[in-house]
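User: I would like to go through a model with you, starting from the overall fold and ending with the empty spaces. Could you take my questions one at a time?
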Amino acid sequence: MHFFYNLFICFAEKLLPLFAIFNSKLKLFVKGRKAVAQQLRDNIRKNDKIVWFHAASLGEFEQAVPVMEMFKKERPEYKILVSFFSPSGFENKKTHPLADVIVYLPLDTPKKAKQFLDLAHPEMVFFVKYEIWPNYLKELKERGIRTFLLSGAFRENQIYFKSYGSWMRKSLQTFEHFFLQNKQSQELLKSIGFNNTGISGDTRFDRVSRQIEYDNKLPFIKEFLQESLCLVAGSTWPEDENYLLDYINKGPTNVKIIIAPHEIKEDKINSLQEKLKHKNVRYTQQKENLKEFKVLIIDSIGLLGRIYSYADVAYVGGAAGTTGLHNILEPATFGIPIIIGSNFSKFPEAIQLQQLAGLYSVSSAEETASLLEKFMHDENFRKNTGMIAGHFINTNTGATETVRSYLF
């Protein structure tokens, strides 16, 4: 099976440049990987001590951040190398100050894995959550490099737990230790013979819990809201916006709405504005007298984490469709109730928070409007639900300390 895997990767390597002609994301995916070897040569010296973190995209990067910060504090002599698989991760974080070197991860071929490790020569490696690349892991094992899975999460339908998954199970043998999010993942690994595990929890809790300590003030938000209640709809897709529009267009009394779409594309923003029946304004086109507008659209990145601090209720996008639920922990850390769509079965933190009654799921515009009206009119319900969400964050921090204790 490993032979066929390598064959598939080789075919993909040949075909991707052709598909990239018609797709802007693939173009970044292909172009960015051409520069990796030179980036490593320019930024990593032979005697540098390197710790390498690999993240698929933005969410996994956020999980790695607390451990990277810990390395900066505990082992400042190390340079931090970060690699991304996806353009959305790399393009958004390619200048992040926490890392010394940020690159795309070359495709998982034996040749590229050898070249990457020759140039990077890491002493320690952290793959985040789901990232399992057989050729990189094989090369890491052969070189005896300490390798860890950070905030790992496993499900029983994954290939490792199937009768035909022995070749992928072999890849897991590279990991010195699995820092896992939950007991279920630990039991699954135990069932296939891996006992080098520990339940550390999810490092994202450590990451988001610190947000409340930062300066989250945004004067333009305060001007927009005045004394109104605030609904923040974060990382929304069109399916999410369809759930919200009925409520928004009814013009709820003393409620203002902030929408931060996941995709900041001109056609998508224009389409949303056309559907809104009340005065609305875009962040990048701010006007005087913001208080006169009912809806504020955030058509810029990097603000949402701070904007949640102004919310009375948060709607988090992604679960109304099939794109995947976005980060519910960011609003939860501010102690506010959370609403999401119904497709969240692969997100254990959402399942847990729903069971605690700090999060509610909706499956239609009618349900969304009804729930929002209840939150906005029933202060006790709103505050109690938010208190549960905030407590959920506080009781799940500590994953980074678990990692630190194991390593140092």
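User: To begin, how many helices and strands does the protein chain have?
Analyst: This is a predicted model. Its protein chain contains 19 helices and 14 strands. The radius of gyration is 22 Å, close to the 22 Å that the globule rule gives for 408 residues, so the chain is as compact as a globular protein of that length.

User: What does the C-alpha trace span along its principal axes?
Analyst: The C-alpha trace spans about 65 × 45 × 45 Å. As for burial, 55% of the 408 residues count as buried.

User: Let us turn to the strands. Is strand E1 largely enclosed or open?
Analyst: Strand E1, residues 49-55, has 6 of its 7 residues buried, so it is largely enclosed by the rest of the structure.

User: Which strands does E1 pair with?
Analyst: E1 runs parallel to strand E2, residues 78-84, and 7 bridges join the two. In that pairing, Phe-53 stands opposite Val-82 of E2. E1 also pairs with E4 in the parallel sense, over 4 bridges, and there Val-51 stands opposite Met-124 of E4.

User: And what connects E1 and E2 in the β-α-β unit?
Analyst: Helix H4, residues 58-74, belongs to that unit together with E1 and E2, and the unit is right-handed.

User: Where does E4 lead, then? Which helix and strand make a β-α-β unit with it?
Analyst: E4 combines with helix H7, residues 134-143, and strand E5 in a right-handed β-α-β unit. E4 covers residues 124-128, and its pairing with E5 is parallel over 5 bridges. Within that pairing, Val-125 has Thr-147 of E5 as its bridge partner.

User: How many residues of E5 are buried?
Analyst: E5, residues 146-152, is mostly covered, with 6 of its 7 residues buried.

User: What does E5 pair with besides E4, and in which sense?
Analyst: E5 pairs with strand E6, residues 177-180, in the parallel sense over 3 bridges. The chain passes from E5 through helix H8, residues 166-172, to E6, in a right-handed β-α-β crossover. The bridge partner of Leu-149 in E6 is Phe-178.

User: On to empty space. How many cavities of 30 Å³ or more are there?
Analyst: A search of the whole structure finds 1 cavity of 30 Å³ or more. The largest cavity has a volume of about 30 Å³.

User: Which residues line the largest cavity?
Analyst: The lining consists of Lys-129, Tyr-130, Ile-132, Leu-149, Ala-153, Phe-154, Gln-158 and Tyr-160. Leu-149 thus appears in the cavity lining and in the bridge to Phe-178. By class, the lining divides into 6 nonpolar, 1 polar and 1 charged.

User: Now the open sites. How much space lies in the second largest pocket?
Analyst: The second largest pocket holds about 320 Å³ of space. It is lined by 18 residues, and those nearest its centre are Glu-13, Arg-33, Lys-34, Pro-106 and Lys-112.

User: Which helices supply at least two residues of that lining?
Analyst: Helices H1 (2-20), H2 (24-34), H3 (36-43) and H6 (110-120) each supply at least two residues. H6 gives the largest share, 5 residues.

User: What about the chemical make-up: how do the residues of the lining divide in the second largest pocket?
Analyst: The lining of the second largest pocket divides into 12 nonpolar, 1 polar and 5 charged residues.

Key:
Residues are numbered from 1 along each chain as its sequence is written. This is a predicted model: local features need pLDDT of at least 70, side-chain atom pairs count only at pLDDT 80 or more; totals for chains, interfaces and linings use all residues. Side-chain values use heavy atoms; hydrogens and water are left out. Buried means under 20% relative accessible area, exposed over 50%, partly exposed in between (1.4 Å probe, protein chains only). Two strands pair if DSSP finds at least two bridges between them. A crossover is right-handed if, with the strands pointing away from the viewer, the path from the first strand over the helix to the second runs clockwise. On a 1 Å grid over the protein atoms alone, a cavity is a set of points where a 1.4 Å probe fits but cannot get out, and a pocket is an open set with protein on both sides within 12 Å along at least five of seven lines; lining residues have an atom within 4 Å of a point. Grid points are joined across faces, edges and corners, and a volume is the space filled by probe spheres set on the points. Ala, Val, Leu, Ile, Met, Phe, Trp, Tyr, Cys and Pro count as nonpolar, Asp, Glu, Lys and Arg as charged, and the others, Gly among them, as polar. The radius of gyration is taken over C-alpha atoms; the globule rule is 2.2 Å times the number of residues to the power 0.38.
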